Amino acid sequence: MSTSTYSLKWDLDVFFSGGSGSQEFRSHLESLDELLTEFNRSVSAWEIPSSGYETKDLVEIIDLFQQTGTKMRQAGAFVSCLQAQDTTDAGANELRGKIAILSSRFQTVLTLLDDKLKKVNDDVWKELLVHEELKELSFVLNERREEAAKKLPREQEALINALNVDGYHGWGEMYDAIVSKIKVQLGEDELSVGQAANKFSHKDREVRKEVFNNWEKAWGNQADLLSNTLNHLAGFRLSVYKQRGWDEVLQEPLQYNRMKKETLDAMWSVIADRKEPFVRYLKRKADLIGVDKLSWYDLDAPVGETDSALSYQEGAEFITEQFQKFGKELAQFTKTAFEESWIEAEDRPGKRPGGFCTFFPESKQSRIFMTYSGTPSNVSTLAHELGHAFHSFALKEVHPLNRNYAMNVAETASTFAEMIVADAAVKNAKSEEERLALLEDKVQRSVALLMNIHARYLFETRFYEERKNGPVSKDRLNELMETAQKEAYGDGLEEYHPLFWASKLHFFITGVPFYNFPYTFGFLFSLGIYAKALEEGEGYEEKYMALLKDTGSMTVEDLAMKHLNVDLTKKDFWEKGVQLCIDDVEEFLSLTK
Ligand SMILES: [Zn+2]
């Protein structure tokens, strides 16, 4: 046990001193501006090579690309931290605006670069990639080139990008604007949707039920506007796909997540086949809270009580101790993060809600943001974010262009770290009741990923299919949603949430399409690695880190084959992950017999 006391506030001054008024940061932005100009000049002047020996210019361009990207991320990370720690910091918001402009200039140069890469003759391209300095980047460079080839000519893509701002993304913003006006009644109070959502874990069923009824009513009142918004957003996306000649709505999300359709299908088919134990869990939970059948608003209800609050220091030491059992790198890394104030955990007003982890590539350090008040869920959030930071740590010596991993593997290290701590917490529980509550936390999480997210996936794929033939009415949207929920929850609920298509922000996100299956993938993928780690015991850490190192430069199928020796397109791997979730369910069932 350490005798030092960890700081609840993070240190941002090591990057740029002086917060949003930092002079150092202003100079950083100036040098970024200059670099961008130089990068643009080199790409514009680059003549498409006609032989595989003309590598010199391309190597220089790649180097400028990497430098600009690194500086951009360093700047973005700093401003995200400033904005999160104090939502009233006007200077930080102003800096965000500056970065947005720099980042759109960066995107424009990249589009020009991709267009030129696409025009390189195939044989010449192959010869270029043999070159020592390009070889290690062949996956990401090939990917850029192939993606550009699947798109329209540069001028047309530029037009789409310009129209996106007030069209596609405009519909996403419209959603936020409508939602910000929605209020949910509870007794005398008018709650925002965020506040109302928190009431679904209230221990009193009457409260949950009242909130839910008013919740459905509130969304129902806006269903005309919201279905209009969703239809236009989806219609815009489909029109762009059509222009590009893409028939499958899953093409873009699969490409973005670097995975095959067979992998996705194998995963969902295992999940669809193994609903039964989870339905038994829903039934048992209904018994425990004294109803015949659970309703949507009972899913997050607490069954036991945990009053074991841990101070920040205790939480930190508990996590480090559990990590220590897995591997010394992870434990040492975690100690450093606490000792060098990488974490902003203070519980004070004026902070953004939620948690995140961000990496400062020039300094090779991460920063974690959260609000710690001592609950078991705070401890797991802390472990989760430390997992993200460890992922960046494993990647820090990798070429910057090989560090960009997609959403489906982004949650691998975080889920893994959370699992280590969650399992330890269940084992160390001080009473049967606490043990049950902690175990239920784990099961609830499986239900969210294997049932709730499944419903979202079923709904979204079906909705997009129907949308191809024209607008889908709000009644039909309700119907599609309820059908998807019944299927995903194995008919295990009494009342469903048909307006979920309206209340869930994720259907309206335009940055990343299909904001659903990558969560489930990441969760089960991480469980598969966890199972392997338990099997192999000590010494697994080195292999684990080698896997993390490759997450930014491979397809998920290759990653799994290389490091786990498994074929993700086959059901076998997914069966094992789901089985681990079922083991928790069985334990829960036997504890509550
Ligand atoms: Zn995460």
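In the hairpin of β1 and β2, 2 residues lie between the strands, and Gly187 takes a positive phi near 60° there. This is a predicted model, so it helps to keep that in mind as we walk through it together. The two strands of this hairpin, β1 (residues 183-186) and β2 (residues 189-192), pair in the antiparallel sense over 4 bridges. One pair to look for is Lys183, which stands opposite Ser192 in β2. In a regular strand, side chains alternate between the two faces of the sheet. You can follow this in β1, where Val184 and Leu186 make up the covered face, while Lys183 and Gln185 make up the uncovered one.

Now let's turn to another hairpin, formed by β4 and β5. Here 4 residues sit between the strands, and Lys364 takes a positive phi near 55°. Strand β4 (residues 356-360) and strand β5 (residues 365-369) run antiparallel, joined by 5 bridges. Among the paired residues, Phe359 has Ser366 in β5 as its bridge partner. As for burial, β4 is mostly covered, with 4 of its 5 residues buried.

This hairpin belongs to an open sheet of 3 strands in the order β3-β5-β4, with mixed pairing. β3 (343-344) and β4 each have a single partner strand and stand at the edges, so one side of each is left without a neighbour in the sheet. The parallel part of the sheet comes from β3 and β5, which are joined by 2 bridges; Glu344 has Phe369 in β5 as its bridge partner. Helix α2 (residues 56-85) packs on this sheet and touches β4 and β5, its direction making about 145° with that of β4.

Next come two helices that pack on each other. Which angle do the axes of α16 and α17 make where they cross? The axes of α16 (residues 328-339) and α17 (residues 376-395) cross at roughly 105° and come within 10 Å, which makes α16 roughly perpendicular to α17. On the α16 side, the contact is made by Glu329, Leu330, Phe333, Thr334, Ala337 and Phe338, and on the α17 side by Leu382, Leu386, Ala389, Phe390 and Phe393. By class, this contact has 9 nonpolar residues, 1 polar and 1 charged. The spacing along each helix fits a simple rule: an α-helix has 3.6 residues a turn, so residues three or four places apart point the same way.

Our last stop is helix α23 (residues 517-536), whose 20 residues reach 29 Å from first C-alpha to last, close to the 28 Å expected at 1.5 Å a residue. α23 is mostly covered, with 14 of its 20 residues buried. Just after α23, Gly537 takes a positive phi of about 65°.

Key:
Residues are numbered from 1 along each chain as its sequence is written. This is a predicted model: local features need pLDDT of at least 70, side-chain atom pairs count only at pLDDT 80 or more; totals for chains, interfaces and linings use all residues. Side-chain values use heavy atoms; hydrogens and water are left out. The expected span of a helix is 1.5 Å times one less than its number of residues. Buried means under 20% relative accessible area, exposed over 50%, partly exposed in between (1.4 Å probe, protein chains only). Two strands pair if DSSP finds at least two bridges between them. Axes are lines fitted to C-alpha atoms, for helices over the stretch in contact, and angles run from 0 to 180 degrees between N-to-C directions. Angles under 35 degrees count as roughly parallel, over 145 as roughly antiparallel, 65 to 115 as roughly perpendicular and the rest as oblique. Contact means heavy atoms within 4.5 Å. Ala, Val, Leu, Ile, Met, Phe, Trp, Tyr, Cys and Pro count as nonpolar, Asp, Glu, Lys and Arg as charged, and the others, Gly among them, as polar.
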